[in-house]
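Good morning, everyone, and thank you for making the time. I would like to walk through one model slowly, beginning with a sheet and then turning to confidence and to a single residue, so please keep the picture in view.

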Amino acid sequence: MHLSWQTFVTLSVSALLVHTTGNLAEAQSERLTTPNHSPRLLAQASTITETSEPMEFNLPPQALGSAITAFGDQANYRLLLPSDMAEGRSTNGISGHHTPEEALTLMLAGTGLSYRMTEARTMTLEPVAATPLPPAPVSQEPLRSAQNTQVHAAPKPVKVPEIVVKEVGDRGYAVDESSSATRIPAPIHDTPRSVEVVTRQVLDDQKVIRFSDALRNVSGVSQSSTQGGQGGTFMIRGFASELNVFKNGFRDDSTFSARAQRDIINIESIEVVKGPPSYLYGRSDPGGIINQVTKAPLRNSYYSAEMIVGSYGLYRPTIDIGGPLNESKTLTYRFNGMYESAESYRDGVKSERIFLAPTFGWEMSSRTTLRFEAEYMFNRAPIDRGLVAIGNGVAPIPVSRFLGDPSRKIETHHGKATLTLLHDINQMFRWRTAFRAAVTSSRYSSLESNFLVGAESDGILNLARYELPTTVQSHYLQNELHGNFTTGSIKHKTIIGIELGRENSSATASGDFGGDTSTPGAFSYINIFNPNDRLFLNPALTKFSDSSTQNNVFGAYFGDQVDLLDNLHVHFGGRFDIFDQTVTNRPDDFIATGSQNTQTNSAFSPSVGVAYQPWKPITLFANYTESFAPQSAGYRSISSTPFNPERGKSYEGGIKYQAFEGRLRSAVALFDTRKKNVLTADPLNGFFFSVATGEQRSKGVEFDITGQILPGWDIIANYAYIDTRVTKDLLFAEGSRAPNAALHQGSLWTTYFFQEGVVKGFGAGVGMYAQGKRNGIFQCQDPANCQAPFEMAGYVRMDAAVYYRKQEVFNKTNLLAAINFTNVLDHRYFSGAQNFREIVYTGAPFTAIGSVKFEFH
């Protein structure tokens, strides 16, 4: 891959800013990916003394990339290096007492490379035969720190070199690499899949608080249901699922992991891979996956504190601190903490949340690292089922009206612990072992909407009382071998892995089923048109379920990103899964004897794709992938035989384009995805039985663009046309559109920061998010078998923000202040429905959030 000298950047934007902001900028620069021996080299920036004195070096022969990583760690210097220059080169190693300059010269001997000073405390590697160029600033454009502070990288007198190798990629809104599509870092431009990344800079600029709000930045992705304020279901390319969310490559679904709305305080970026993901991730729906990448521990000290206050009593202080724990910086840490107290635009709703996330890193040797991450979240909030449908639309009542008892709440305690070991076997292979344990305990208590009694125009909504204590836990172990090698002129980035997992849940469910609606005063209700007309009872509850589920998971997978030519890239891979599920039903108030249902599914899910670049900025790509999702053991067929798993197939093709040396990226993709073996009711044998004969199809086109248009001007925007329909079913109308799937959906967000003069540091942002009309529920072939269909109207929501950011507002202290406005036109809209007329989720009215953040270094 050819890079001009003007494209030389440090292998992280925040490391590039160390000479102007000290150690501060590193805080956002390091992302937890699944590392391999990639030419995108990893190390961290640091400050050194003003004199270059001899020191002890001990570097064995190895690949140039890993040698420079180790050299940067030992010497604490900075190095500028094009990524392709490291490929295929190795060093003979170096040992003994040398100055850093002498050591680097000896280490580069025989590599065909030399180094030169390009700026104060900065050196650049270049071919020995290269024509010397005059020193130049690192960039002719103002650079954005991890918190989007605008500065000019002015040249300084050369004193002593500081060599630091950093990961290329964090350029504000656009990134170069992603590891989610291949499980190993690979250039997005060369990957034959639709991959979109929402960076930390976007999250900060939009002042995103909940994970679901970040997904507006990716075409065809949204949260279709909050599950009343729990983990939620997410829709990708028209398919809604609880199986499509991951964190650092581990499953983070809404059943066995996240039982409350996910937070973003410890998230570095969110990566979305479109299309069936089972070729590397196992069971999932064919729309794609959403992978959360967490913040990494820091080698240099960083401290920040932020206060967020907003409409409806929002109060959210946060801290983000990190740095070395010993002088050699082999022990590092990071800690993100948050407390949140809020009321709501929904009447009577109050919530409370705590999130703590410590992370520790240990560089055991130059080849081996260990990382430990933990999370704890406490969340307490009412179950909120939104509004109800009347006629063919949503009831004409205020979105603030809470149709239930807001004093009853769900309380959730959630914890995770992850241990990741990385060991470089040699210059070509790396071993990764990772273990993740998660446990969640929740106590669900609600008085919530059930069904309308009598005529809809009367507005009498029956309320059901529920108590559902639940405990879930999951344990996953991943062992992977990563390769980065060549066979002749062909370059390979490979992965071979095995995943073992066990998931357990135990829950009881008690309720009153809404009481006796035939007897006035014998059931709880609320008048949706007059909330003062209500009756909240506290009757004795009936236990209607007492069950546990255990899933055992085995997956073996492989993948290879092959560079056949500099402009021709192929990726192929697959995964074999064995999924064993046992559901145990214990006696309850309806069943005198227990039962147990077991099913075992196995499947192989392949993937193949090709990317061709007729011109380096343009990539033409196409792929074919399959998905696999076992059916729930809780459903039964008339013959009691297990159901075949859902299978998905997808064809995708498109074009990617990058401009301004990769600072602005765009992609267009066309896709056709089909899902079969969808469970549908068995009308021939009674609707309590099911058959796996349903089929659905989604096809459409998506467009995404993200990056920097001009210095200080960033943009992230998308549009999707998605047509998702039922193509075969015994219950639902064939040809009808799937619920919550809008034909048209899109968003735009753009910010501008003034670069000079008295207004330098001031900025503004403006954006919009739009969805077309959507069906609220599936439409039935026979209306007598289903609720009446209804629609949620399309909408356009406008957002805005104003900023002020100033470095060194006090000694070694940076200031970042903002006011973000959501739904500035106060438009009434609905975010989704849960396939019932009585559950329609509301969008927030006009909201303002103010934030003040101080960074200390």
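What you have in front of you is a predicted model, and in it I would like you to find an open sheet of five strands, whose order is β12-β18-β19-β16-β17 and whose pairing is mixed. Which strands stand at the edges? They are β12, covering 195-199, and β17, covering 250-251, and because each has a single partner strand, one side of each is left without a neighbour in the sheet.

Let us stay with β12 for a moment, since its partner is β18, residues 267-274, and the two run antiparallel, joined by five bridges. If you would like one pair of residues to look for, take E196, whose bridge partner in β18 is V272.

Before going further, a word on confidence: the protein chain has a mean pLDDT of 85, with 83% of its residues at 70 or more. Over residues 1-51, however, the pLDDT is below 50, although the model gives this stretch 213 contacts beyond near neighbours in sequence. Residues 130-170 also have a pLDDT below 50, and there the model has 158 contacts beyond near neighbours in sequence.

Now to V245, which belongs to strand β16, residues 245-247. Is V245 buried or exposed? Its relative accessible area is 1%, and because buried means under 20%, V245 counts as buried. Leaving aside residues up to four places away in sequence, V245 touches several others, among them F211, F234, I290 and Q292. Finally, V245 and A258 lie 13 residues apart in sequence, while their C-alpha atoms are 9.4 Å apart in space.

Terms used:
Residues numbered from 1 in each chain as written. Predicted model: local features only at pLDDT ≥ 70, side-chain atom pairs only at ≥ 80, totals over all residues. Heavy atoms only, no water. pLDDT = per-residue confidence, 0-100. Contact = heavy atoms within 4.5 Å. Pairing = 2+ DSSP bridges. Helix = DSSP H or I, 4+ residues; strand = E, 2+ residues; numbered from the N terminus. Buried < 20%, exposed > 50% of the residue type's maximum accessible area, 1.4 Å probe, protein only.
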